[in-house]
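Please work through the following exercises with the structure at hand. Each task is followed by a solution in steps.

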Amino acid sequence: MPVSLYVDCVCGNYVGAVAEGDKLIEYRVEKKNTTVPIGSVFKGRVENVLCGMQAAFVNVGLSRNGYLSADDMLMDKAEIEGKVDIPSALDLKEGDEIMVQAVKDPAGNKGVRLTRHLSFAGRYVVFLPTFSFVGVSRKITDEKTREKLLKIAEKFCPKGKGIIIRTAGETARKGDIKREIRFLQEQYEDIEENFKTAKPATCIYEEGNVGIRLLRDVYSEDVEKFVVSDRELFDKLMLYAKRRDKALKSKLKFYDKKIDMFRYYGLSVSVDNMLSSSVPLENGAYIVIDKTEAMTVIDVNTGKFTGEDSLEETVYKTNLLAAVEIARQLRLRNISGIIVVDFIDMCDREHNEELLRVLGEELKQDRERCQVIGMTPLGLVEITRKKRRRESVSALVKDCPYCQGTGHIESNDYIVMQIRTELFNVFANGYNNAKIDLNVEIADYVLAKKSLKADVERIWTNKRVYLIPHKTYHQQFFMVKGDNAEAMDVPDKAILLL
């Protein structure tokens, strides 16, 4: 299926996307003029060392100190684990000036995650300046091809350094791999020189923007077009194409139409759908994606799909469709960490095995490392996905100022219960009357349900309680004020509870 790449510049943001046919499979938003932490290198100053956790907080010039752990690695640890000695302790003290690279985006109150084990990705290789190691991407499975690429890596790898051949290196020419290794090595040497003269807590190397990363990580001969709306970025990519990839030159398109790029190419609906927790499948079934503090939970439902065969076949077909869509949604929304999927229960063992196989195959298309752990006794499928950048949806939404991100607001009954509690407090403090400023809908609810009628008739028999409804008040907001005046000052819209 043809692949298309898009980079739009909108309101000071770079918006990058990858589509297969008319389906969006990746979507990223980042500030145009802000340093992208991931992959960037800093001259940091150690502010605090946590010996018990073998970690340290490092000032790198960002809004919060970065967190450095002894075993943090930028590249996939699985590529080198057991093959090289990875330090398990930090030999640092407060005030030390060290070179660090960003591993993961800041999250919540946590600063950017850092590592001292630097790595620099090119199109064909990953250069490891701190490890003497050569390897080949695990996604290249053919043994003969792996042996061939391993020999190339060993031949061109600088002494004392490391090289991992990336998936794109499978079809690359030896000369291209050699030139890229030399380029990355020279880039690192420049960074070392910058480190010597730079002030502490400054960035000494910035990772490329989303457009450059799409060229490096996604672009291949399968790409049909690469559409860019930012003239500066387009010129950079065109210069690269003229020097190193003439085939790219014909695929680069500058977008200057007056209509929004994603709407023009029919992708805006896919972007809007990312905000919904429910994702429809082509047969009428759907999946529901819910985010919790510890994990992401995905539920599969048959919806309107009833099938034409047996119940087992209906469920099996739905689960297979869901597996394909789940893999796409994880990549599109950049959902990482622990993911638990509640597929519809199936009795046939072969169906369960085939479901796990299909899910695993689909996840292999993801550039981030994914692993299907298996199916629990309760029929839940566990997945892990490597986390580096924030979720795509986080750039499109913010926490609701009313529910504070909980996803719900208080019920009418609970708000009335709170009002009742405040009335008790007001009268206990010696006031004879009370005024309640509240949302008009809650006021109507109190009157219609006669929620406070029993208290007014039995407990507050000699008290006056006025409701003052406001159309502009949020449902959860109210104020209860005590009043001892003989003639209370209330607006015409005030309602006396009898």
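**Exercise 1: A sheet and its strands**

E9 is joined to E10 by a hairpin of three residues. The model is a predicted one, in which local features need pLDDT of at least 70 and side-chain atom pairs count only at pLDDT 80 or more, while totals for chains, interfaces and linings use all residues. Residues are numbered from 1 along each chain as its sequence is written, and side-chain values use heavy atoms, with hydrogens and water left out.

Task. Determine how strand E10 pairs with E9 and E12, and which strands stand at the edges of the sheet.

Solution.

Step 1. Helices (H or I, at least four residues) and strands (E, at least two) are DSSP runs, numbered from the N terminus. Two strands pair if DSSP finds at least two bridges between them.

Step 2. Strand E9 (residues 120-121) is antiparallel to E10, with two bridges. Phe127 in E10 is the bridge partner of Phe120.

Step 3. E10 also pairs with strand E12 (residues 162-165), in the antiparallel sense and over four bridges. Here Ile164 in E12 is the bridge partner of Val126.

Step 4. The four strands form an open sheet in the order E9-E10-E12-E11, with mixed pairing. E9 and strand E11 (133-136) are at the edges with a single partner strand each, so one side of each has no neighbour in the sheet.

Step 5. From strand E10 (residues 125-128), Val125 and Phe127 point one way and Val126 and Leu128 the other way; all are buried. Buried means under 20% relative accessible area, exposed over 50%, and partly exposed in between (1.4 Å probe, protein chains only).

**Exercise 2: Positive phi outside glycine**

Task. Compare the settings of Asn334 and Lys450: is each buried or exposed?

Solution.

Step 1. Asn334 is not a glycine, yet its phi is positive, at about 55°. Lys450, also a residue other than glycine, has a positive phi near 55°.

Step 2. Asn334 belongs to the loop between helix H9 (311-333) and strand E19 (337-342). Lys450 occupies the loop between helix H12 (440-449) and helix H13 (453-458).

Step 3. Asn334 is buried, with a relative accessible area of 3%, whereas Lys450 is exposed, with 53%.

Step 4. H9, which Asn334 follows, has 23 residues and spans 32 Å from its first C-alpha to its last, close to the expected 33 Å. The expected span is 1.5 Å times one less than the number of residues. Of the 23 residues of H9, 17 are buried.

**Exercise 3: The salt bridges of Arg367**

Task. Identify which acidic residues form salt bridges with Arg367, and where they lie.

Solution.

Step 1. A salt bridge is a side-chain nitrogen of Lys or Arg within 4 Å of a carboxyl oxygen of Asp or Glu. The structure holds 24 salt bridges.

Step 2. Glu26 and Arg367 form one of these, at 2.6 Å from N to O. Glu26 is in strand E3 (residues 23-31) and Arg367 in the loop between helix H10 (349-363) and strand E20 (370-375), so the pair ties together parts 341 residues apart in sequence.

Step 3. Arg367 also forms a salt bridge with Asp217, where the closest N and O atoms are 3.5 Å apart. This pair links distant parts of the chain, 150 residues apart, with Asp217 in helix H4 (residues 210-217).

Step 4. Glu26 is buried at 3% relative accessible area, and Asp217 is buried at 17%. Arg367 is partly exposed at 35%.

Step 5. The network of salt bridges links Glu26, Arg166, Glu207, Arg216, Asp217, Arg331 and Arg367.

**Exercise 4: The surroundings of Ile339**

Task. State how accessible Ile339 is, and which residues it touches.

Solution.

Step 1. Ile339 is a residue of strand E19, and it is buried, with 0% relative accessibility.

Step 2. Contact means heavy atoms within 4.5 Å. Leaving aside residues up to four places away in sequence, Ile339 touches Thr296, Ile298, Leu330, Val381, Glu382, Ile383 and Arg385.

Step 3. Ile339 and Arg420 are 81 residues apart in sequence, and their C-alpha atoms are 43 Å apart in space.
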